[in-house]
Number of protein chains: 2
Amino acid sequence: MKTETLNYKDGDVNLNGLVAYDETASGKRPGVVIMPDAFGIGPFVKERAARLAKLGWVGMGADPYGNALMAKDLQEGIKYAMALLENPAKVRQRVRAAVERLASLPQVDPNRIGVMGYCMGGTCSLEIARDGAAGVRGIVSFHGTLATQLPAVAGTVKAKVHVCHGADDPFVPVAQVAGLAEEMTKAGVDWQIVSYAGTVHSFTNPDAASIGAPGIAYNKHADDHSWKAMTAFFGEAFA
Amino acid sequence: MKTETLNYKDGDVNLNGLVAYDETASGKRPGVVIMPDAFGIGPFVKERAARLAKLGWVGMGADPYGNALMAKDLQEGIKYAMALLENPAKVRQRVRAAVERLASLPQVDPNRIGVMGYCMGGTCSLEIARDGAAGVRGIVSFHGTLATQLPAVAGTVKAKVHVCHGADDPFVPVAQVAGLAEEMTKAGVDWQIVSYAGTVHSFTNPDAASIGAPGIAYNKHADDHSWKAMTAFFGEAFA
């Protein structure tokens with residue numbers, strides 16, 4: 001397995017991502033973009049990209065803010081995230097830049113792209129689904145917020161949607177879950193939502209406790225199960 | 001694979017079930033009870049039991065009404081189902097009789113029992129989870145109704161709970177889904193609910209159209225996906 005930096009641009013913004021793949025494999029294979037949480041691109045994303053490479057796909061860690069900017073604490077992360085998320089068109093453009101960069105790699109099949117994301121990155125993944133980006137077959141949100149200012153339009157969304165939700169996540173209330181279901185059904189999207197019991201925000205992050213905020217905690221069961229569900233989901237989407 | 005009749009009793013009621021297993025395998029293995037829909041034990045249950053046997057488990061089709069009674073149409077099925085479901089204690093006893101019969105088989109590990117069910121059978125599966133029956137590690141409901149007159153009591157439920165839900169099922173409104181989540185969380189249960197887009201009641205039944213009722217339809221995607229999710233779920237529960 002090989003992990004390399006992968007630089008790309010969104011307009012004037014320099015984005016510093018990474019890509020993980022099996023350098024001994026030949027032929028084009030599916031690629032999956034990982035949109036990070038509000039802290040930006042860090043070791044967690046790198047580790048998950050390497051896991052995707054082990055599954056036979058090309059895993060790309062995307063840079064949400066530019067110049068691989070990382071937040072030093074939750075407060076700063078929320079500030080950066082809000083500045084990005086306030087403009088859904090900008091979010092979509094930012095994710096599209098990552099999708100296009102990944103699709104341009106010689107080992108990637110540009111017609112079999114997935115996008116997944118954590119927290120803010122889950123929100124970003126839903127935005128690129130709503131945008132109907134070319135080649136994106138499926139998106140997975142892990143504990144992402146689900147609301148949008150630009151709801152999906154019927155016939156636009158080509159990607160299947162898989163949402164992994166902590167049932168007790170105070171940042172993603174049940175009304176948001178119901179709202180997404182309604183939005184996606186109206187838009188004719190093939191979607192699934194999995195709700196996990198006793199699970200709050202950031203449930204995939206083993207270091208969640210270090211963030212030191214209420215409603216944020218690692219949950220090994222939900223992390224393991226949602227990872228498996230994601231692999232099965234993309235497996236179907238890429239078939 | 002072998003499928004045989006399996007007779008047992010619930011008090012004075014004669015129950016005529018079936019069991020499917022790999023007769024060439026040796027050693028004790030997990031067993032899974034299938035609680036049928038309101039039509040009673042028929043070819044669909046037999047086919048799913050055989051599929052469970054192919055997975056290396058022992059699949060048992062349970063008889064919900066006695067003497068393998070089957071409803072001739074939906075109206076009759078609803079009449080039979082309501083007579084059974086009006087008394088949750090009776091439902092639990094009826095399922096417990098099946099669990100105990102399955103657990104008594106020489107090829108079954110009595111500590112690794114699963115119960116799954118379709119429509120009314122999903123409701124029955126949830127009741128046996130609430131009852132905390134010995135050896136039952138997990139239950140799966142496919143388009144079952146989720147409400148109960150006897151909510152789960154904290155500390156009672158030992159089984160993990162996996163609910164497969166059609167997001168547009170008119171018989172299982174979203175308030176019931178939320179109610180189950182609340183009930184199960186209060187009771188400290190490890191649960192998951194998967195909601196499938198564009199999916200109504202009886203989504204696992206390829207002959208659902210022949211029932212000829214609104215809100216009832218087969219959905220191949222939800223059927224395939226929920227079957228895979230069930231196998232992964234029981235795989236974890238039996239580990």
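**The largest pocket and a strand of chain B**

Trainee: Which element gives the largest share of the lining of the largest pocket?

Mentor: This is a predicted model, in which local features need pLDDT of at least 70 and side-chain atom pairs pLDDT 80 or more, while totals for chains, interfaces and linings use all residues. Residues are numbered from 1 along each chain as written, chains are lettered from A and ligands numbered from 1 in written order, and side-chain values use heavy atoms, without hydrogens or water. A pocket here is an open set of 1 Å grid points over the protein atoms alone where a 1.4 Å probe fits, with protein on both sides within 12 Å along at least five of seven lines, and lining residues have an atom within 4 Å of a point. Six lining residues come from one helix (a DSSP run of H or I, at least four residues; strands are E, at least two), namely α5(B).

Trainee: Which residues lie closest to the centre of the largest pocket, and how much space does the pocket hold?

Mentor: Among its 27 lining residues, the closest to the centre are A:Val174, A:Val177, B:Val174, B:Val177 and B:Ala178. The space, taken as that filled by probe spheres set on the points, is about 600 Å³.

Trainee: How many residues of strand β5 of chain B are buried?

Mentor: Buried means under 20% relative accessible area. By that cut-off β5(B), residues 108–118, is mostly covered, and of its 11 residues the buried ones number eight.

Trainee: Which residue of β6(B) stands opposite B:Val115?

Mentor: Six bridges join β5(B) to the parallel strand β6(B), residues 136–142, where pairing needs at least two bridges. Opposite B:Val115 stands B:Ile139.

Note on methods. Buried means under 20% relative accessible area, exposed over 50%, partly exposed in between (1.4 Å probe, protein chains only).
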